[in-house]
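Got the model open in your viewer? Let's walk through it one selection at a time.

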Amino acid sequence: MVDPLHQFMIHPLIPLKIGGWDVSFTNSSLFMVLSTLLIITFLRFSVNPRALVPGRLQLISESLYEFTSSLIRDNVGKAGLAYFPYIFSLFLFILTGNLLGMIPGSFTFTSHIIVTFTLGVLVIVSVTIIGFVRHGFHFLRLFYPQNTPLFLVPLLVPIEVISYLTRMVSLSVRLFANMMAGHAMIKIFAGVVVTLMGTPLFPVALVTLAVNVSITGFEFLVALLQAYVFTILTCIYLNDAINLH
Amino acid sequence: MPKKPGTVNPNFSPQSSLGFAYRVGLEFLSGILVGLLLGYVVDHIFGTQPWGLVAMVILGAAAGILNIFRMLGLGGFPFSKVDVPKSEELGEKKDG
């Protein structure tokens with residue numbers, strides 16, 4: 001019971017095999033589907049009144065929309081608004097995943113590196129494609145530092161390319177590590193509380209319980225912040241691709 | 001990289017300095033990880049057993065350092081004349 005990593009276990013709900021590949025519908029998939037459905041239903045029904053003066057729910061979805069669009073306008077500029085749907089869905093998907101994970105007993109799919117890495121690779125690949133479509137081969141100037149002496153080009157260009165590729169690793173590891181560390185920390189402190197509660201050391205358990213409550217509040221902050229960080233970094237990478245220096 | 005109007009400082013995030021330190025470490029680590037991965041791929045394709053890995057890990061570490069320099073706002077384009085901040089802007093005193 002006091003196993004802090006048990007919550008990250010993936011178990012298949014509907015076992016499924018296609019051509020030797022295990023494509024079972026797992027609890028991770030369940031929560032991804034849940035968060036997608038939640039986003040769609042929320043956005044659909046919160047704007048249902050179409051009031052000029054928005055009600056509470058309509059205000060939430062409108063301010064989410066405004067937040068993302070001003071993020072794009074500030075970081076990328078007007079040209080970036082063409083990619084608003086992509087960034088908005090990315091933001092809402094991660095945000096909902098993080099927040100669903102804060103419900104006790106639920107599963108946080110953003111605490112798995114493979115999920116966040118897929119999102120990160122998706123961001124970098126699509127940003128690269130956007131860059132090539134908009135600038136053609138001129139986009140490769142991104143990997144050529146200005147005023148480089150010619151004899152250093154064979155050394156510096158690979159470094160720039162690797163530096164470009166590290167973006168997807170740091171993007172995904174940041175989200176995954178924050179979510180996993182936070183959730184494991186909550187469980188570890190809760191384990192201390194449970195273990196010490198019935199013993200003469202119970203004052204320690206009470207202190208730990210208080211700490212755990214504050215950590216839970218902190219985790220909500222991290223859940224919001226990491227979704228924001230992921231989104232703003234996506235905007236910055238998009239900016240690099242759209243507005244070449 | 002000349003600063004475009006309307007861009008916010010990408011290094012800004014409302015995090016503690018501890019979080020900032022973690023991010024510096026992460027940038028370096030991800031450079032080495034990507035170098036490791038590329039080294040494996042290069043060795044696998046060309047059959048140059050240890051050398052691709054050695055070279056790529058070193059290049060990856062260099063890329064990690066470059067990432068850290070960019071994150072700290074210390075330029076990162078070593079030969080451009082535009083973006084190197086003066087030491088006064090960094091809050092240092094050079095009279096010692």
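Helices and strands here are DSSP runs, numbered from the N terminus: a helix is H or I over at least four residues, a strand is E over at least two. Keep in mind that this is a predicted model.

**Stop 1: the whole of chain A**

Select chain A and colour it by secondary structure. You should find six helices and four strands, and going along the sequence they come in the order β-β-β-β-α-α-α-α-α-α. The C-alpha trace spans about 70 × 55 × 45 Å along its principal axes. Chain A has 245 residues, and 31% of them count as buried. Take the contacts between residues at least 6 apart in sequence: 62% of these join residues at least 24 apart.

**Stop 2: helix α1 of chain A**

Now select residues 27-46 of chain A, which make up helix α1. Does the length fit? What should 20 residues span at 1.5 Å a residue? The expected figure is 28 Å, and the end C-alpha atoms are 27 Å apart, so the two agree.

Show side chains for Ser28(A), Phe31(A) and Ser35(A), the buried residues of α1(A). Turn the view until you look down the axis of α1(A): these buried residues fall within an arc of 60°, so they line one face of the helix. As for the spacing, an α-helix has 3.6 residues a turn, so residues three or four places apart point the same way.

What covers that buried side of α1(A)? Colour β4 (25-26) and α3 of chain A, which are both included in the cover. Then swing round to the face of α1(A) turned away from the buried side, where you'll meet the exposed residues Val33(A), Leu37(A), Ile40(A), Thr41(A), Arg44(A) and Phe45(A).

**Stop 3: a loop residue, Arg50(A)**

Move on to the loop between α1 and α2 (56-75) of chain A and pick out Arg50(A). Check its backbone: phi is near 50°, a positive value in a residue other than glycine. Is Arg50(A) buried or exposed? Arg50(A) counts as exposed, because it has 7 C-beta neighbours inside 10 Å and 12 or fewer puts a residue in that class.

**Stop 4: helix α4 of chain A**

Select residues 113-135 of chain A for helix α4. At 1.5 Å a residue, its 23 residues should span 33 Å, and the end C-alpha atoms are 32 Å apart, which agrees. Just after α4(A) comes Gly136(A), with a positive phi near 65°.

Next, highlight the buried residues of this helix: Val115(A), Thr116(A), Leu119(A), Gly120(A), Val123(A), Ile124(A), Val127(A) and Gly131(A). To see what covers them, bring up α3 (84-100), α5 (153-196) and α6 (202-242) of chain A, which are part of the cover.

Zoom in on Leu119(A), one of the residues in helix α4 of chain A. There are 21 other C-beta atoms within 10 Å of its own, so Leu119(A) is buried. Leaving aside residues up to four places away in sequence, Leu119(A) touches Leu90(A) and Ser172(A). Put a distance label between Leu119(A) and Leu90(A): they are 29 residues apart along the chain, with C-alpha atoms separated by 8.2 Å.

**Stop 5: α5 and α6 of chain A**

Hide the rest and keep α5(A) and α6(A). The two helices pack at an angle of about 170°, with their axes 9 Å apart. α5(A) and α6(A) are therefore roughly antiparallel to each other, since an angle over 145 degrees counts that way. The residues in this contact of α5(A) with α6(A) divide into 21 nonpolar, six polar and three charged.

Stay on helix α6 of chain A and find Gly217(A). Gly217(A) counts as exposed, because it has 9 C-beta neighbours inside 10 Å. Now add Met102(A): Gly217(A) and Met102(A) are 115 residues apart in sequence, yet 9.9 Å apart in space, C-alpha to C-alpha.

**Stop 6: chain B**

Finally, switch to chain B, which has two helices and zero strands. Of its 96 residues, 19% count as buried. Among the contacts in chain B with a separation of 6 or more, 55% come from residues 24 or more positions apart.

Select Leu36(B) in helix α1 (residues 17-46) of chain B. With 14 C-beta neighbours inside 10 Å, Leu36(B) counts as partly exposed. Which residues does Leu36(B) touch, not counting those up to four places away in sequence? Leu36(B) touches Val57(B) and Gly60(B). For a last distance label, try Leu36(B) to Ile65(B): they are 29 residues apart along the chain, and their C-alpha atoms are separated by 15 Å.

Conventions. Residues are numbered from 1 along each chain as its sequence is written. Chains are lettered from A and ligands numbered from 1 in the order in which they are written. This is a predicted model: local features need pLDDT of at least 70, side-chain atom pairs count only at pLDDT 80 or more; totals for chains, interfaces and linings use all residues. The expected span of a helix is 1.5 Å times one less than its number of residues. A residue is buried if 20 or more other C-beta atoms lie within 10 Å of its own, exposed if 12 or fewer, and partly exposed in between; C-beta atoms are placed from the backbone. Two residues are in contact if their C-beta atoms, placed from the backbone, lie within 7 Å. The arc is that of the directions from the helix axis to the C-beta atoms. Axes are lines fitted to C-alpha atoms, for helices over the stretch in contact, and angles run from 0 to 180 degrees between N-to-C directions. Angles under 35 degrees count as roughly parallel, over 145 as roughly antiparallel, 65 to 115 as roughly perpendicular and the rest as oblique. Ala, Val, Leu, Ile, Met, Phe, Trp, Tyr, Cys and Pro count as nonpolar, Asp, Glu, Lys and Arg as charged, and the others, Gly among them, as polar.
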